[in-house]
Amino acid sequence: MQQSLEFLVFGATGQQGGAVARALKARGETVRAFVRDAQSHKARALAEQGIKLVVGDLFDRASIERAMQGVDRVFSVQTSSPSGLVSDEQEVMQGKAIADSAVAANVEFIVYSSGGAAGKGLTGMGHFDSKSQIEEHIRGLPIAATITRPASFMEMMLLPGMGLNTGVFTFFMHRDQPMQMIALNDLGRINAEILCHPERYAGQALELSGQSITGKDLECAFSLAAGHPIRYQRFSEELLAGNVFLRKLTELVDNGVVAGIADIPALEREFGPMLTLKEWLAGAGKAPFDAALNMATADIALR
Ligand SMILES: NC(=O)c1ccc[n+]([C@@H]2O[C@H](COP(=O)([O-])OP(=O)(O)OC[C@H]3O[C@@H](n4cnc5c(N)ncnc54)[C@H](OP(=O)(O)O)[C@@H]3O)[C@@H](O)[C@H]2O)c1
């Protein structure tokens, strides 16, 4: 009998790694999750699904090397500077450390989750340019690799501060301006499919998105899901003038770098139907959407 493959997933207690680990597990694969704290609520939930835990820290190279032993395929993702957990330089160091350790451990295949704005020249935003550097490093290594570049997550719109609970949702696009987004469940299942088929995807860089969404689309879908009108408006000029980070991001949405260039029909031919915003709101997005809608705080931070 052929021995089953072993997949090592980084960031498995987080959004992307969690979605990939779940998708691999649902396919019946053997999954090992690299976690900082095996006793954390999220790590224990992984173990309950039959995912093996290997404890380490991305700041501890030796722990990454130990985790790689006996591994066939790796899903690599790191946090970035907006999280406050790492600097841009540390993100690059961690991304390179995972890839270098995979080479040293004779891992067969690595999938690196980058970002939609990466690999298209310098953007001037550290947490995008860090990903271009990691991509470049991986391309130079003697290992089969695929780079996936996810668009903004639909889940990101439910962060506090966007105004869902005030009846006025505020985000990057103008009313008629499209921006690509993807649901985490699609991101998980597509990365899992790629991890299971290096013969088909090694050497590629794939832009991942589920739908191009305008401000008006958000207004319609959110109003329908809420059962009452939610008005849409773009971040105000006043807010953007006072928030350099949001202003730069908005400029990159406007000049197309963050708006997304994924070929969604081609992705659907390759990987099957992608979740639309409306479908996501009726499924995995429903509970977090309802929670964001009913959030008690006076939520005007970003307007
Ligand atoms: N938000 C978006 O729309 C979007 C779109 C495209 C790309 N991205 C990129 O996605 C990345 C973040 O992915 P995510 O949202 O899945 O992250 P996340 O939900 O914040 O999860 C981060 C994961 O990394 C783990 N981690 C953090 N520091 C660690 C360390 N020192 N050692 C080991 N593990 C560590 C965390 O473990 P613990 O449970 O121990 O904390 C957690 O599992 C960023 O690089 C971001 O730029 C985001």
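**Helix packing and one aromatic pair**

Visitor: How do α1 and α6 lie to each other?

Guide: They are oblique to each other; angles under 35 degrees count as roughly parallel, over 145 as roughly antiparallel, 65 to 115 as roughly perpendicular, and the rest as oblique. Helices (H or I, at least four residues) and strands (E, at least two) are DSSP runs, numbered from the N terminus.

Visitor: What sort of model is this?

Guide: It is a predicted model, where local features need pLDDT of at least 70 and side-chain atom pairs count only at pLDDT 80 or more, while totals for chains, interfaces and linings use all residues. Residues are numbered from 1 along each chain as its sequence is written, and side-chain values use heavy atoms, leaving out hydrogens and water.

Visitor: Back to α1 and α6: at what angle do they pack?

Guide: About 60°, with the axes of α1 (residues 15-26) and α6 (residues 184-196) 8 Å apart. Axes are lines fitted to C-alpha atoms, for helices over the stretch in contact, and angles run from 0 to 180 degrees between N-to-C directions.

Visitor: Is the crossing of α1 and α6 left-handed or right-handed?

Guide: Right-handed: the near helix is turned clockwise from the far one by less than a right angle, whereas anticlockwise would be left-handed. Among the residues in contact (heavy atoms within 4.5 Å) are Ala19 and Ala23 of α1 and Leu187 and Leu195 of α6.

Visitor: How do the residues of that contact divide?

Guide: Into nine nonpolar, five polar and two charged. Ala, Val, Leu, Ile, Met, Phe, Trp, Tyr, Cys and Pro count as nonpolar, Asp, Glu, Lys and Arg as charged, and the others, Gly among them, as polar.

Visitor: And α4 with α5, how do their axes cross?

Guide: At roughly 25°, coming within 9 Å, which makes α4 roughly parallel to α5. The crossing is right-handed. Their contact has four nonpolar, six polar and five charged residues.

Visitor: What about α3 and α4?

Guide: Helix α3 (residues 61-68) and α4 (residues 88-104) pack at about 40°, axes 9 Å apart, and are therefore oblique. Arg61, Ile64, Glu65 and Met68 in α3 meet Ala97, Ile98, Asp100, Ser101 and Ala102 in α4.

Visitor: New topic: how many aromatic pairs are there?

Guide: Nine in the whole structure. Rings of Phe, Tyr and Trp (its six-membered ring) pair if their centres lie within 6.5 Å; planes under 30 degrees apart count as stacked, over 60 as edge-to-face and the rest as tilted. One pair is phenylalanine 169 with phenylalanine 222, whose centres are 4.9 Å apart and planes at 85°, so the pair is edge-to-face.

Visitor: Where do phenylalanine 169 and phenylalanine 222 lie?

Guide: Phenylalanine 169 is in strand β8 (residues 168-171) and phenylalanine 222 in helix α8 (residues 215-226), so the pair ties together parts 53 residues apart in sequence.
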